[in-house]
Amino acid sequence: MSQQGYVATPPYSQSQPGIGGFGPPNSSIHYGHYGDPNSSYSAPQPGVSKSTVPFGSPPPVGPPPPGAQQFSQTGFQNGSSTPGQQPHRFQSPPPPSNTGASYPPYSPQSQAAFPNTASASSPAQLADQLNSMQINSYGPGTAPSSCVSPGHPASFQGPRLPPPPTQQQMGLPPTPQLPPPPANSVNGLCAQPALPPMARQGGVPGPVPPNPNLQQLPGQPPGPGYHPQQANYGPQMAASQLSYPGAFPGGPAQLAGPPQKKLDPDSIPSPIQVIENDKAARGGQVYATNTRGQVPPLVTTNCVIQDQGHASPRYIRCTTYCFPVTSDMAKQARIPLAAVIQPFAAVPPNEAPLYLVNHGETGPIRCNRCKAYMCPFMQFIEGGRRYQCAFCNCINDVPPFFFQHLDHMGRRMDHYERPELSLGSYEYAATLDYCRDKKPPNPPAFIFMIDVSYRNIKSGLVKLICDELKTLLDKLPREEQEESSAIRVGFVTYNKVLHFFNVKSSLAQPQMMVVTDVAEVFVPLLDGFLVDFEESRLVVTNLLDQIPELFADTNESETIFAPVIQAGMEALKAAECAGKLFIFHSSLPTAEAPGKLKNRDDKKLLNTDKEKTLFQPQGNYEALAKDCVANGCCVNLFLFPNQYVDVASMGLVTMYTGGTLYKYNNFQLETDSPQFLSDLRKDIQKKMGFDATMRVRTSTGFRATDFFGAIYMNNTTDVEMAAVDCDKAVTVEFKHDDKLSEDTGALIQCAVLYTSMSGQRRIRIHNIGLNCSSQLADIYRTCETDALINFFAKSAFRAILNQPLKTVRDILMNQTAHMLACYKKSCASPAAVSQLILPDTMKVLPVYMNCLLKSCVLVSRPEIPTDERAFHRQVVMAMGVADTQLFFYPLLLPIHSLDLKSDAVPAAIRCSEERLSEGGAFLLANGLSMFLWLGTSVSPELIQGLFNVPSFAHISTEVTSLPDLDNPFSKKLKHILEQIQSQKPHTMKLMIVKQREQPEMLFRQFLVEDKSIYGEASYVDFLVCIHKEISQLLS
Ligand SMILES: [Zn+2]
C-alpha cells in the first residue's frame, strides 16, 4: 500500500538501479544498537514466563471499548464497599506482616557492553560515494534548476498534492553548491561560505574560528559557549580540523565553492508547520485515552487529557503506538520500540490528579505469577470469581473482598467505580511488605550543604543562599490535603572540613560541630540535626544569619566534595529516612580527601578513541552514587564554576540519584542571582517521590530490555531512583522475544514504588496498551518523532561513554536512513523510485536528527568546553519528551508582532537566519538558554516600550531581565517569558543580543536549521545527505 507522506525529488541525476537489494529482515547488521543489550538482559524475570501460556483460556481482549456508559471524572466515586473510597486519603499502614524483605543487597551494576559497531563507511567507501555523487559536476549552471530529476521525468506522479494531512511535496535545492557531505561526515565538515557577515572570514575554507572577543562575554549561557580559560584558537585547532575523521578526499579546499544559491526553505518539511497543524487539529480539545494504540496530540499541543483506561501522554509517550508483530519486521524497519515514561509528570489543574486505592492490610491485588498489578487490562471470567492476567495469561482467583458480579458484557458491575479497573493511572497504598525493613518510612529530609570557601564568601553567594532559605523553608512541598510539610531540614557547611549544625528548637543558639576527618566521615550528632522548620524556626533563622559572618574572614580556598555527599547520606541513613541534598559548590575539589579531583581536561583527546574518557567519571564516584541510591539519598548539585570543575565526575552522583544539576558559569551576584534563586525555589517546592523503584511489565512476546535516564540499574529489571520528580523521565526500550498478537496488542504496565513527601509508601501505576500489526505501514503511521528523538538522544548520549563519537554519530545517521529507506521500500508507491519520501509522522525526523547530531555533546570541537558538554549530556539524560523537543529545536517567537488584543502567543517561526528581520525582535528559548535578539532597525517605540530607552544604541546588553514597565507590550512579553519559564525545569537566563554585535555568535548556535558556526550541516545539507544514504541502501 502506498503511505507516502512527504515526497521530494532527488538532487542527483544518477539513475537508481532496482530497489530490491534492501537488506533481508534478518540482516545481521545492528545499526540501531550500540551493543547488544540482549546479552545482559537474557535472564527472564524470576517467576515470569512470558512465552508460555499454560492455560487454555482465550487471551484477554483489549481495554474496554469507549464507554457506552458516560465516564465522568468529576462524578467519579469508589463503591461504598471499597476500602479506598476517599480518593485522596491515605489510611495508615496496617500492622506488619511477614513477607520477605523487598530490598535485596546491591550488586555491581551490570554494564551493557558497547562493542564498536562497524562504521558504515571506510575512507574508500566514502570516496566511492563521493564519486558516485559526481560532486564536481554540481557547479552552478550544470545542474537543472528544476526539482525534477532528469532521469525520472515521471517522478512526480507520486502523491504530490496537496499537503494535508499525509502528503507533502517539496523541491530540494536544484543542486547545492557545496558537495553534499557524505553521511558519515555530515557533522563537522561542511564549511559555510554563506556565514553571517560577522562570522565570515575572508573566504577561508573550513570551520570559521569563533571570534576571540567572545572570551570576554560576561556570564555565558549554557550551550556551546566559550570558556574563557580554555579557548584555544591556535594551530592546534587547525590540526584537529585536518584530522577530522571522514574528511573529504582532496581536503577542505574543495569546500570553498561559490556561495550557496538561495533555496526556498518553505519547500522542505517545517517543524513549525507540523506543530501548528497539530495545534489547529487537536488543540484545546479533550483527548480521551479510551482506545488502545491511539496516537496522542503532539507534546507541543495544549489539550485536556482525560484518562479513560490508558495512561495520559503526560506520563507515557511511545516512539510508535503500533508494534510490529515479529522481531523480523522490527529489524527490517529499525524503528526503536520505546516508551518515555515520566511517572511523576505535573498535570494541569483542570485534569484529575491520581486516585489512591487502599485495600488496607491486604495490599494491592497482583497477579500470582508475574506480580502485575490489577488494571483495566485484566479479564474477569467465571462469573467474576477469577481473572486472567493480561501480562502473563495466568488465571488468578479474585480475592473475596474484591468479588463483583459481571454484567451482560462480561464486565464487572463496579467497573467505573474503581480506578484500578477503569483508569490508566492510579496509586495503590503500599503495605509494610513494601517498606524498608518492614517499617513505615519516616518523612524525607532536605539537607542544605553550603561550600563556604573563600570565593563563595567573597562573591556574596553564601549570604544570598542563607537569606533566601529563610523564606524558602516555608514553602517545602507537602501533600495536597496537608497543612504543613512533613519534610525535615538540616544544615552543613564545608570547605576542607565539614561543619554540622545543631538547630534543635530548645536551643537558644545553633551549635556547630566540626568534622575534620574527611577520610571517614561520621555524623557527629543525630538529635537536633534534622528538624521541623516550623518548630526550629528561630534557631534556624539565627543560624542562617550567622553563617555568612562565621566564615567572613576565611582564607580557605580548597574544597572537598565526595565527603560532603557521604556526610549527607550518612545523616539520612542515621535518621532512617530518604531525602535530598542541596549542595552549593564552586570549585574543583582538590583538597586531600576521597573524591579529590584533578584537572584532566585535554583537548588533544577530541576526535580520538579516548575522547569518551572525558565523559567518564574519575575516582570512586560511581560507588558513591550506588551507596546513595541504596539509601534513598538524592543529590541536587548547584555548581558555580569559574573554570573546569570536571562535571563528568562531580555530576555523576546527581545523575544516578535522580537529582538535578544546575550550572552557573562565572556566577555574578547581580546578573545571575535571579536565575539561581528561581532554580532553587522551583527545586525546593517540586513535588516528588523518594526511595523509588520502578518496574516495567509487558504482555507476552516482548519485554523491556534497556533503560535510559537519570537512574541506577541495580539489576536488569529494577530501575532504582533515590528520588524522582515531575521533570524526570525514563526511556525504556523494548525488544521482541516472541510473536505479538494483533488481537491482544502490546500492553505495558509501569509500577513505581516510592515514599511520598509525607512519608507514605505508595505504588504509582501507569498502564498503556499499544496495537500490533503485520503491516509496516501501520507502524510508520503511528510513530511519534518527538519520542523518537528523545530515545535517540539518550541512547547516543549514553553510548559516548563507551564508543568513539564518530561511531555514535554514524549509527544515528545510518539508523535514520534505514528507517526511511524501509518506509520507501515497503510502504511507498514504486513510482517514486528516486524521490526522497518521508512518512508523514517522520516528516521532520531529519531536521530533528540533524539538531541532535549538531548538539555540543556530539560535536568534538576544542572551542566547546568539556564541562559544557558533560553538563548537557547529563541534563538531557533525564529529560522527558517535551523537554527534548524544545532543547533540540528551540522556540523562536517574533515578538514585534505581538497581538496585544489577544492572549495568544504569536506563532513560532523556524530557527533560521532567513526568518529574522532587521526590523524585528525575536525571543529564542531551548530550556537552558534564552535570548532576545534585536534587529538593527527595530522600531523605537518597541525599544521604548520594552527597555524604556530612546534608541537601539541605548539598550544595554548587560542586563539579564527586562524592566517592569507599565505598558501593555512590556506586560504581555513578560507574561510570555514567565509562561515559558514556568514549564521548564531549568530557569533560563535572558541574554539580550543585538544584531551584528559580538554575542550574536552565541545566539546563532541556536538557529539550528542553518549551518553551524563550526560547520555542521544545515538542514538542507542534511536532507541531501540522508537522501543519498537512503538511495544507496535501496540500490
Ligand atoms: Zn501475570
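A residue counts as buried when its relative accessible area is under 20%. Keep that cut-off in mind, because Cys392, with a relative accessible area of 1%, is buried by it. The model in your viewer is a predicted one, and Cys392 is a good place to begin the tour.

**Stop 1: the zinc site**

Select the zinc ion and show the side chains around it. Four sulfur atoms coordinate the ion at 2.3 Å: the SG atoms of Cys367, Cys370, Cys389 and Cys392. Turn on angle labels if you like: the angles among the four donor atoms run from 100 to 115°, and the site is tetrahedral. Along the sequence, the spacing of the donor residues reads C-x2-C-x18-C-x2-C.

Now pick out two of these donors, Cys370 and Cys392. Cys370 sits in the loop between strand S8 (356-357) and strand S9 (379-381), while Cys392 sits in the loop between strand S10 (386-388) and strand S11 (395-397). The two are 22 residues apart, so this pair links distant parts of the chain.

How accessible are the donors? Cys367 has a relative accessible area of 0% and is buried. Cys370 is buried too, at 5%, and Cys392 is buried at 1%.

Next, select Cys375. Which cysteine sulfur is nearest to that of Cys375? The answer is the sulfur of Cys389, which is 7.5 Å away, and Cys375 is in no disulfide. A disulfide would need two cysteine sulfur atoms within 2.5 Å, and by this rule the count comes to zero. Cys375 is itself buried, with a relative accessible area of 1%.

**Stop 2: the annotated span**

Widen the selection to residues 364-401. An unreviewed UniProt entry places the feature "domain: Zinc finger Sec23/Sec24-type" on these residues. Colour the span by secondary structure and you will find 0% helix and 24% strand. Then draw a distance between its end C-alpha atoms, which lie 12 Å apart.

**Stop 3: Glu427 and two arginines**

Side chains of opposite charge can pair when their charged atoms come close. There are 48 salt bridges in the whole structure, and the next stop shows a residue that takes part in two of them.

Select Glu427 together with Arg762. Their side chains form a salt bridge, with an N to O distance of 3.2 Å. Glu427 is in strand S12 (residues 425-429) and Arg762 in strand S26 (residues 761-773), so this pair ties together parts that are 335 residues apart in sequence.

Add Arg764 to the selection. Its salt bridge with Glu427 has its closest N and O atoms 2.8 Å apart. Arg764 also lies in strand S26, so its pairing with Glu427 in strand S12 ties together parts that are 337 residues apart in sequence.

Are these residues buried or exposed? Glu427 and Arg764 are both buried. For Glu427 the relative accessible area is 3%, and Arg762 is buried at 6%.

**Stop 4: other charged groups**

For a contrast in setting, go to Asp602 and Lys604. Their side chains meet in a salt bridge at 3.9 Å, N to O. Asp602 is partly exposed, at 25% relative accessibility, whereas Lys604 is exposed at 63%.

Then select Arg412, Asp414, Arg418 and Glu420. A network of salt bridges links these four residues.

**Stop 5: Tyr644**

Centre the view on Tyr644, in the loop between strand S18 (633-639) and helix H12 (647-650). This tyrosine is buried, with a relative accessible area of 4%.

What do you find around the side chain? One polar contact, of 3.2 Å, joins the side chain of Tyr644 to that of Arg600. Another, of 3.5 Å, joins the side chains of Tyr644 and Asp646. Show Glu868 as well: its C-alpha atom is separated from that of Tyr644 by 9.4 Å, although the two residues are 224 residues apart along the chain.

**Stop 6: Asn967**

Finish at Asn967, which you will find in the loop between helix H21 (940-947) and helix H22 (968-982). Where does its side chain reach? Follow it to the backbone nitrogen of Ser970, at 2.7 Å. At 18% relative accessibility, Asn967 counts as buried, because the cut-off is under 20%.

Technical notes: Residues numbered from 1 in each chain as written. Predicted model: local features only at pLDDT ≥ 70, side-chain atom pairs only at ≥ 80, totals over all residues. Heavy atoms only, no water. Helix = DSSP H or I, 4+ residues; strand = E, 2+ residues; numbered from the N terminus. Buried < 20%, exposed > 50% of the residue type's maximum accessible area, 1.4 Å probe, protein only. Polar contact = N/O pair within 3.5 Å; in protein donor to acceptor, adjacent residues only side chain to side chain. UniProt positions renumbered as here; feature names shortened; annotations may be inferred. Donors = N, O, S within 2.8 Å, 3.2 Å for Na, K, Ca; no water. Tetrahedral: all angles 85-135°; square planar, octahedral: opposite > 155°, others 65-115°.
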